Amino acid sequence: MLIAGFPAGAWGTNCYLVAPAAGEECVIIDPGHQAAQGVEEALRKHRLKPVAVVLTHGHIDHVASVVPVCGAHDVPAWIHPADRYMMSDPEKALGRSIGAQLLGELTVGEPDDVKELADGSTLDLAGLEFTVAHAPGHTKGSVTFRLPETNDIPSVFFSGDLLFAGSIGRTDMPGGDHAEILESLARVCLPLDDSTVVLSGHGPQTSIGRERAANPYLREVAQARYGPGTGTPAPRRGM
């Protein structure tokens, strides 16, 4: 399997291109602020053909390039229905003070073909199986995508802004809810194998085992579910 990722834009949002191998079809995850050029460079480098864009949530730092990327390659974008409005109205999603800083430099709106994600569904795209889990808390429509373990390759978990290395997504913007993100962490992340590779919306790669041992938020929900634990919450990330 080939996963090509790069941080894009003012918030260093991770955009990923996922394919069975170089020279094949691929899926693009979260083409955010100023990501279009990086996407095109990765497509050329690895000789990939996009078949879809999938979005972990609707914040502009994750979707700002969805219209040009989908338009250039005539592919659909997949997003949870609770976050769909954010593509056309990012100011409502972010709050006026943040949105006003961005709207002057962005062309907002939906691509021509938008499909809606559902919790527990499986997307068969580019020869890969992405399992979708609705994981609200950062936004109402946040989702994660998981690829199954195959042969000697561990499962890969695209966590969006639910789970980061050492932290979790912020919950202080419209649609955010701290109790809800903790419930999502417990329901979506705790059952995963320790070997699961975590590729998040911001920051470095990690694993479920590493976060289970050291992430104070994941330890908090594990303590609530399984017994005593310790940890001091760290600053949260994401727009």
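Asn 14 sits in strand β2, which spans residues 13-19; helices (H or I, at least four residues) and strands (E, at least two) are DSSP runs, numbered from the N terminus. The model is a predicted one, in which local features need pLDDT of at least 70 and side-chain atom pairs count only at pLDDT 80 or more, while totals for chains, interfaces and linings use all residues. Residues are numbered from 1 along each chain as its sequence is written, and side-chain values use heavy atoms, with hydrogens and water left out.

With a relative accessibility of 9%, Asn 14 counts as buried, where buried means under 20% relative accessible area, exposed means over 50%, and partly exposed lies in between (1.4 Å probe, protein chains only). Its side chain is joined to that of Tyr 16 by a polar contact of 3.4 Å. A polar contact is here a pair of N or O atoms within 3.5 Å; within protein, one must be able to donate a hydrogen and the other to accept it, and residues adjacent in sequence count only if both atoms are side-chain atoms. A polar atom of the Asn 14 side chain also lies 3.0 Å from the backbone oxygen of Gly 203. Once residues up to four places away in sequence are set aside, Asn 14 touches Phe 6, Pro 7, Ile 29, Asp 30, Ser 200, Gly 201, His 202 and Gly 203, contact meaning heavy atoms within 4.5 Å.

One of these partners, Asp 30, deserves a word of its own. Asp 30 is located in the loop between β3 and α1 and has a positive phi of about 60 degrees, although it is not a glycine. At 2% relative accessibility, Asp 30 counts as buried. A positive phi also appears in Arg 47, a residue other than glycine, with a value near 55 degrees. Arg 47 belongs to the loop between α1 and β4, and its 56% relative accessibility makes it exposed.

Attention now turns to the sheet. Six strands form an open sheet in the order β1-β2-β3-β4-β5-β6, with mixed pairing; two strands pair if DSSP finds at least two bridges between them. Strands β1 (2-8) and β6 stand at the edges with a single partner strand each, so one side of each is left without a neighbour in the sheet. From one strand to the next, the twist averages 25 degrees. Axes are lines fitted to C-alpha atoms, for helices over the stretch in contact, and angles run from 0 to 180 degrees between N-to-C directions.

Strands of a sheet pair through backbone hydrogen bonds, in either the parallel or the antiparallel sense. Here β2 and β3 run antiparallel and are joined by three bridges, with Val 18 opposite Val 27 in β3. By contrast, β3 and β4 pair in the parallel sense over five bridges, and Cys 26 stands opposite Pro 50 in β4. Together, β3, α1 and β4 make a right-handed β-α-β unit; a crossover is right-handed if, with the strands pointing away from the viewer, the path from the first strand over the helix to the second runs clockwise. Parallel pairing is also found between β4 and β5, over two bridges, and the bridge partner of Val 54 in β5 is Trp 78.

Helix α3 lies across β3, β4 and β5, and runs at about 145 degrees to β4. The buried residues of α3 (residues 66-73) are Val 66, Val 69 and Cys 70. These three cover an arc of only 95 degrees around the axis, which puts them on the same side of α3; the arc is that of the directions from the helix axis to the C-beta atoms. On the other side of α3, Gly 71 and Ala 72 are exposed. The cover over the buried residues of α3 includes β3 (25-29), α1 (36-46), β4 (49-54), α2 (60-63), β5 (77-79) and α4 (85-88). Just after α3, Asp 74 takes a positive phi of about 50 degrees.

At the β6 edge, Glu 116 lies in the strand formed by residues 114-116. Glu 116 is partly exposed, with a relative accessible area of 42%. Its neighbours more than four places away in sequence are Trp 78, Ile 79, Pro 81 and Arg 84. Glu 116 and Ile 79 are 37 residues apart in sequence, yet their C-alpha atoms are 5.1 Å apart in space. The side chains of Glu 116 and Arg 84 make a polar contact of 3.2 Å.
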